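Reader: Hi! Please take me on a close look at one part of this model, explaining each term as you go. I am a first-year student and I would like to follow it on the screen.

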Amino acid sequence: QLATQDEETAQACFYCLPRKDSYGKVIEIKGPSIRLAEIVAACWGNLHAGSRIVENDGQYITAEGVAWDLERNVKISSQVKRSITKSIGTRYSQDMQTLTGNAASAIALRNAIFKVIPKALVDRVYEKAKHYAVGEQKDLSVRRKIIFEKFGQWNIEPKQILKFFQRNSIDEFTQVDLEKLIGMGTSIKEGHIAAEEAFLLKEEPAQIIN
């Protein structure tokens, strides 16, 4: 009920991050988001969870998330590394390092929570949230117009989106496309990727999300 209380909440419950692997093949890193982790943690009860930065070696920031089910006495920790250097080798500014650290902390916390709470329960909510966010086929024209307008607030033009999805017009945009696009919007909001880089397929190091 919480995950599907409105469209905005449902849209925030999943992310999608298209990338290229080392062989040049396009892959999609996707799943339930930190927002969904917060919802299931609140509903689960008797759960202590938190995250912190444990290391900054000048190249990577390492964050650790911990979730402890006090009722079942199950405690899980998860570490995530995020790069703080640009492609040319220079280090991020202090502000960007802070943003990167916050994103890493959120991912580490999310991973820890989803390792404590049974995946079978999380997946049911995850699928319901995706379905609610995308809507029925009859709602597609309205939903995609709204989502395209939201991306416009990040100065991302429809032609960029259509080119990325290999569509000639917005009318060709499918429900599957819309689900992926909504997930990409969540990735931007959560700091997985900058808006200006969202539709530029880059090689994805395995440690960025996992």
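**Around the aromatic cluster and helix 5**

Author: Let's start with the rings: the count of aromatic pairs comes to six, where rings of Phe, Tyr and Trp (its six-membered ring) pair if their centres lie within 6.5 Å, and planes under 30 degrees apart count as stacked, over 60 as edge-to-face and the rest as tilted. One of these pairs is Phe 151 with Trp 154, which is edge-to-face, with 5.2 Å from centre to centre and 90 degrees between the planes.

Before going on, please keep in mind that this is a predicted model: local features need pLDDT of at least 70, side-chain atom pairs count only at pLDDT 80 or more, and totals for chains, interfaces and linings use all residues. Residues are numbered from 1 along each chain as its sequence is written, and side-chain values use heavy atoms, with hydrogens and water left out.

Now back to that pair. Phe 151 is buried, as its relative accessibility is 2%, while Trp 154 is partly exposed at 28%. Here buried means under 20% relative accessible area, exposed over 50%, and partly exposed in between (1.4 Å probe, protein chains only). Ring pairs also build a cluster, which joins Phe 148, Phe 151, Trp 154, Phe 164, Phe 165, Phe 173 and Phe 199.

Two of those rings lead us to helix 5, since Phe 148 and Phe 151 are among its buried residues, together with Leu 140, Arg 143, Arg 144 and Ile 147. Seen down the axis of helix 5, the buried residues fall within an arc of 130 degrees, so they line one face of the helix; the arc is that of the directions from the helix axis to the C-beta atoms. Helices (H or I, at least four residues) and strands (E, at least two) are DSSP runs, numbered from the N terminus.

What do the buried residues of helix 5 pack against? Their partners are helix 1 (7-11), helix 4 (119-134), helix 6 (158-164) and helix 7 (175-189), with contact meaning heavy atoms within 4.5 Å.

You can also check the length of helix 5. Its 13 residues, 140-152, should span 18 Å at 1.5 Å a residue, and its end C-alpha atoms are 18 Å apart, which agrees. The expected span is 1.5 Å times one less than the number of residues.

Helix 5 holds a charged pair too. Lys 145 and Glu 149 form a salt bridge, with their closest N and O atoms 2.9 Å apart; the rule asks for a side-chain nitrogen of Lys or Arg within 4 Å of a carboxyl oxygen of Asp or Glu. The two residues lie four places apart in helix 5, about one turn of the helix. An α-helix has 3.6 residues a turn, so residues three or four places apart point the same way. Glu 149 is partly exposed, with a relative accessible area of 45%.

The whole structure has 14 salt bridges. Let's move on to helix 7, one of the packing partners of helix 5. Asp 177 forms a salt bridge with Arg 167, where the closest N and O atoms are 2.8 Å apart. This pair links distant parts of the chain: Asp 177 is in helix 7, and Arg 167 is in the loop between helix 6 and helix 7, 10 residues apart. Asp 177 is buried at 6% relative accessibility, whereas Arg 167 is partly exposed at 28%. Elsewhere, salt bridges with shared partners join Glu 28, Lys 30 and Lys 180 into one network. Within that network, Glu 28 and Lys 30 meet at 3.5 Å, N to O. Glu 28 is partly exposed at 34% relative accessibility, and Lys 30 is partly exposed at 48%.

Gly 183 is another residue to find in helix 7. Is Gly 183 buried or exposed? With 0% relative accessibility, Gly 183 counts as buried. Setting aside neighbours within four places in sequence, Gly 183 is in contact with Phe 14, Tyr 15 and Cys 16. Its C-alpha atom is 13 Å from that of Tyr 132, a residue 51 places away along the chain.
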